Amino acid sequence: MASATVLSKFPPSTYAVDEDNLASGNVNRVLSSVDDPELKLPKRSSLVIILLANALLQISFFIIVSSSNEYALHLGGTSTFSAGVVIGIPTVFSGLTLIPLMKYDRGGYGLALNISCAASISGMVLYACAYKANWLYLILLGRITSGVGFAMWMYCKRFCSDPRIVGIRRRTTLASWLMVGNGVGMGLGPLFGGIFYRYVGFGKGTGNVWNGFTSPAWVLAGLWAVYWVAVRIWFEDVFEKHSVESDPAEIELEDKTPVQLMDNTSNDDPVNASGTSFRHHVRPSPSSSTMPSRSPSPPTEHSGKLELGQWASVVCICWFAMASFFILGAWEANIPVCEYCNGSVDPHLNFTPFSAGNFLGIGALACFPFFVLNVFLARRVQDRYTLMFGAGLGGAALIVFLVLIGVGTAPAFFICWFAVALGFNVASTVTMSLLSKQLPPTVKWNGMSSVMVQYSNYLGRVTGAVWGGAGVSVGMSRYVGLEIAITGIGMALASSVWKHLKAKTG
């Protein structure tokens, strides 16, 4: 009788092993549901929409590269006009669109997505209608309109590094997926453009509306229309559910130990089969009071001002963002108008729109498996190593090409293009993710960093296109020599701020 009285003073959980095990298992499940903030990812459907937007923009940019020179010549233009219209003009207007667009986006992405879809469809239709209208400047108007849509590139980068929805250890991984989209655009765009020019052509079944010049634009306009429907159905904008930069409740949750989490639960606490709250079954261990916070990184105060080392990192990263697109843009503009085949590379290499599209496309597609591999390596390799590897590979390819000028062959030229495309695409992958890791983790700084990287990309793309078109006139040795010098300056900058470029992987 006495023993029964003593036992009644204690909860059953103090001697019921089965109930202890049950409670312990449920506690583990509750704690495992608390996400690590460094590993968080956005909603999958919204992420897929953004990644598809990046790929479609890349395809839209490159699909007319292989045939635009012939299209401009047919309408009375020049090769210089073609290079400027295809690469330079859209990039300029994309940059001009960013400032007013950011003023009204309210920190979200839906406005930019809808404008991008509308502008891309309109731009492709205008580009295709230039043939029937027989008016050269309708091509220009079409590419200007498409350039407004290309402003979405910055939002793709910003989305994949937005601290509200992407953890610091997932930003490089998502940036790698953006690079996969870049590879799809660089590969399939020129390749399909050349195929349309060759196999749709201007023979039977073609006319002023549908032919080798206009068919790529009509197909892309249709794809953008289908994609726009998908955006309206599945995309969930960020600001609709994340209106503040930091949720105090989430911060408080991260700073509590597992026992404190259970003790502070309300009447909505999980219960076991008998209806008793789990918190009555958990006995704190001696070490629980000293258990570290779940947050892997200690909280830091951000005054909004950057230190000298951070500014040096910003300059270095922006230089690589510019340099990568300068060199890629130069090669993409130079190959379709290549006329230096009189022994400089191979006298039998004839860059027609079809062959130029194949050359650009197959070279980029050969990089695709390495782009996918980089997605998995991003979780294990520091961004600064990826940056230096890509720049080093691309720089080495440029040096080899410089040596081969005058004695090389078409296969050697192709290998050099493959290495340049792979190296500088890999280097450009980490520019946005690495910069976001160097700056305070706020929405404001994420927006500023995405703008800095995007304008660096635009600067490189426009100046690279001009330099690529001028490659024949200035001489191929000078053409490649400047690219080598730009790469060397970037690697010197990275070496000087090497310790400041260290950041978390993933």
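These legends walk you through several close-up views of a predicted model.

**Figure 1. The whole chain is built from helices.** The protein chain has 19 helices and 0 strands. Of its 506 residues, 53% are buried. The accessible surface adds up to about 22700 Å², and carbon and sulfur atoms account for 65% of that area. Take a look at the contacts too: among those between residues at least 6 apart in sequence, 83% join residues at least 24 apart. The next views show some pairs of this kind of long reach in sequence, beginning with salt bridges.

**Figure 2. Lys43 and Glu236 meet in a salt bridge.** How many salt bridges does the structure hold? There are 7, and this view picks out one of them. The side chains of Lys43 and Glu236 come to 3.1 Å, N to O. Lys43 sits in the loop between helix H2 (17-32) and helix H3 (44-62), while Glu236 sits in the loop between helix H10 (215-234) and helix H11 (248-254), so the pair ties together parts that are 193 residues apart in sequence. Are these two residues buried or partly exposed? Lys43 is partly exposed, because its relative accessibility is 48%. Glu236 is also partly exposed, with a relative accessible area of 24%.

**Figure 3. Asp105 and Arg158 form a buried salt bridge.** The closest N and O atoms of this pair are 3.4 Å apart. Asp105 belongs to the loop between helix H5 (79-104) and helix H6 (110-133), and Arg158 belongs to helix H8 (residues 152-159). These are distant parts of the chain, 53 residues apart. Asp105 and Arg158 are both buried.

**Figure 4. Lys437 and Asp383 join two helices through a salt bridge.** Here the side chains of Lys437 and Asp383 meet at 3.1 Å, N to O. Which helices do they come from? Lys437 lies in helix H16 (residues 410-438) and Asp383 in helix H15 (residues 383-404), so the pair ties together parts that are 54 residues apart in sequence. Lys437 and Asp383 are both buried. Elsewhere, salt bridges that share partners link Glu38, Arg169 and Lys504 into one network.

**Figure 5. Trp135, Tyr137 and Leu141 make a nonpolar patch on the surface.** Together, these residues offer about 320 Å² of accessible area. Tyr137 is part of helix H7 (residues 136-149). With a relative accessible area of 45%, Tyr137 is partly exposed. Now find Ile89 in helix H5. Ile89 is partly exposed, at a relative accessible area of 26%. How far apart in space are Ile89 and Leu141, C-alpha to C-alpha? The answer is 9.6 Å, although they are 52 residues apart in sequence.

**Figure 6. Helix H4 is mostly covered.** Helix H4 spans residues 65-74, and 7 of its 10 residues are buried. Which residues of H4 are buried? They are Val65, Ser66, Ser67, Ser68, Asn69, Tyr71 and Ala72. As you trace the helix, keep a handy rule in mind: an α-helix has 3.6 residues a turn, so residues three or four places apart point the same way. After H4 comes Gly76, which has a positive phi, near 95°.

Methods:
Residues are numbered from 1 along each chain as its sequence is written. This is a predicted model: local features need pLDDT of at least 70, side-chain atom pairs count only at pLDDT 80 or more; totals for chains, interfaces and linings use all residues. Side-chain values use heavy atoms; hydrogens and water are left out. A salt bridge is a side-chain nitrogen of Lys or Arg within 4 Å of a carboxyl oxygen of Asp or Glu. Helices (H or I, at least four residues) and strands (E, at least two) are DSSP runs, numbered from the N terminus. Buried means under 20% relative accessible area, exposed over 50%, partly exposed in between (1.4 Å probe, protein chains only). Patches are made of residues with over 30% relative accessible area and no salt bridge: like charges are joined within 9 Å, nonpolar side chains (Val, Leu, Ile, Met, Phe, Trp, Tyr) within 5 Å. Accessible areas come from the Shrake-Rupley method with a 1.4 Å probe; for residues, only the protein chains shown count as cover. Contact means heavy atoms within 4.5 Å.
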